[in-house]
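Please walk me through this structure, step by step, for someone who has not seen it before.

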Amino acid sequence: MSKRITAIYPGTFDPPTNGHLDVIERAAKIADTLVVAILRNAAKGTPLFTVDEREEMLREATAGFGNVTVATFDGLLVDFARARRATAVIRGIRAVSDYEYEFQMAMMNRKLDPDLETLFMMPAEKYTYVSSRLIKGVFQLGGDITELVPPVVVQRLKTKKVIGAAVPGAE
Ligand code: PNS
């Protein structure tokens with residue numbers, strides 16, 4: 001019997017971008033089941049969107065994929081992965097600057113669970129500069145981000161818009 005691969009794509013997703021969706025599409029071709037997992041207790045400052053809002057946006061944006069589910073998790077990623085019987089973690093790498101942080105996380109996760117592999121995937125070139133942090137900042141200042149995020153995110157961002165306000169939160 002061939003192995004069935006469950007992979008976890010963890011992140012903050014505040015908000016999800018087309019770069020995230022591009023990685024999801026690529027990972028969904030490789031994994032039998034892909035679980036997009038939103039970290040609940042992120043230490044990155046005040047998020048713009050609640051976890052529930054991010055979950056709803058990701059559900060809507062990934063509705064077309066038959067093998068993608070959306071979940072949330074607390075605590076260690078390796079514990080969540082084990083609970084889901086996942087054998088791989090997917091992370092997107094946009095540029096060399098992402099590498100150091102990603103390498104450290106992958107090695108720490110390997111130390112915590114040697115059976116869990118981290119797979120790095122590169123989004124399409126046109127999304128290499130896209131980050132959730134930049135999307136929030138550009139949108140708040142009136143810039144057009146419609147080609148860079150799913151339509152549901154544009155709609156939700158409009159409900160949050162406060163002209164001229166600094167945007168807290170991170171990646
Ligand atoms: O989208 P992000 O913010 O870069 O995602 C970071 C995330 C959620 C993947 C990472 O912070 C994480 O896995 N946190 C869970 C806590 C954990 O397992 N820490 C040990 C590994 S470094």
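## A guided reading

At 47% relative accessibility, Arg82 counts as partly exposed, and in this predicted model the residue is a convenient place to begin. Arg82 forms a salt bridge with Asp113, their closest N and O atoms being 3.5 Å apart. This pair links distant parts of the chain, since Arg82 belongs to helix α3 while Asp113 sits in the loop between α4 and β5 (117-121), 31 residues apart. Asp113, with a relative accessibility of 11%, counts as buried, because buried means under 20% relative accessible area.

A search of the whole structure finds twelve salt bridges. In one of them the side chains of Arg156 and Glu56 meet at 2.6 Å, N to O. Arg156 lies in helix α6 (residues 151-160) and Glu56 in helix α2, so this pair ties together parts that are 100 residues apart in sequence. Arg156 is partly exposed, with a relative accessible area of 22%, and Glu56, at 44% relative accessibility, counts as partly exposed too. Another salt bridge joins Asp98 and Arg94, whose closest N and O atoms are 3.1 Å apart; here Asp98 counts as buried at 14% relative accessibility, whereas Arg94 is partly exposed at 27%. Salt bridges also link Asp14, Arg54 and Lys136 in a network.

From the charged pairs we can turn to the nonpolar interior. In soluble globular proteins, nonpolar side chains tend to be buried together. The largest nonpolar core of this model has 18 residues, and those with the most contacts inside it are Tyr9, Ile24, Leu34, Val36, Leu58 and Ile90. Two or more residues of this core are given by each of β1 (6-11), α1 (18-30), β2 (33-39), α2 (51-61), β3 (68-73) and β4 (88-92), and the largest share, four residues, comes from α1.

Nonpolar side chains are found at the surface as well, where Val96, Tyr99, Phe103, Met107 and Phe120 make a patch of about 490 Å². Helix α4 (residues 96-112) contributes the largest share of that patch, four residues. Tyr99 has its place in this helix and is partly exposed, with a relative accessible area of 41%.

What surrounds the ligand? There are 13 residues around the ligand, and the closest are Thr12, Lys44, Leu77, Arg91 and Asn109. An oxygen atom of the ligand is 2.4 Å from an N or O atom in the side chain of Thr12, while for the side chain of Arg91 the corresponding distance from a ligand oxygen to an N or O atom is 2.8 Å. With Leu77 the partner is a polar backbone atom, 2.8 Å from an oxygen atom of the ligand. Taken alone the ligand exposes 550 Å², and the protein buries 80% of that. Thr12 also offers a reference point for Ala43, which is 31 residues away in sequence and 9.9 Å away in space, C-alpha to C-alpha. Ala43 lies in the loop between β2 and α2 and counts as exposed at 81% relative accessibility.

Some details of the backbone remain. Most residues other than glycine have a negative phi, and most peptide bonds are trans. In the loop between β1 and α1, Phe13 has a positive phi near 50 degrees, and this residue is buried, with a relative accessible area of 2%. Pro15 has its place in the loop between β1 and α1, and the peptide bond from Asp14 to Pro15 is cis, with omega near 0 degrees. Arg85, in the loop between α3 (77-83) and β4, has a positive phi of about 55 degrees although it is not a glycine, and Arg85 is exposed, with a relative accessible area of 72%.

Terms used:
Residues numbered from 1 in each chain as written. Predicted model: local features only at pLDDT ≥ 70, side-chain atom pairs only at ≥ 80, totals over all residues. Heavy atoms only, no water. Patch = residues over 30% accessible without salt bridge, like charges linked within 9 Å, V, L, I, M, F, W, Y side chains within 5 Å. Areas by Shrake-Rupley, 256 points an atom, 1.4 Å probe, with all protein chains shown as cover. Salt bridge = Lys/Arg side-chain N within 4 Å of Asp/Glu carboxyl O. Buried < 20%, exposed > 50% of the residue type's maximum accessible area, 1.4 Å probe, protein only. Near = heavy atom within 4 Å. Polar contact = N/O pair within 3.5 Å; in protein donor to acceptor, adjacent residues only side chain to side chain. Core = buried A, V, L, I, M, F, W, Y, C linked by side-chain atoms within 4.5 Å.
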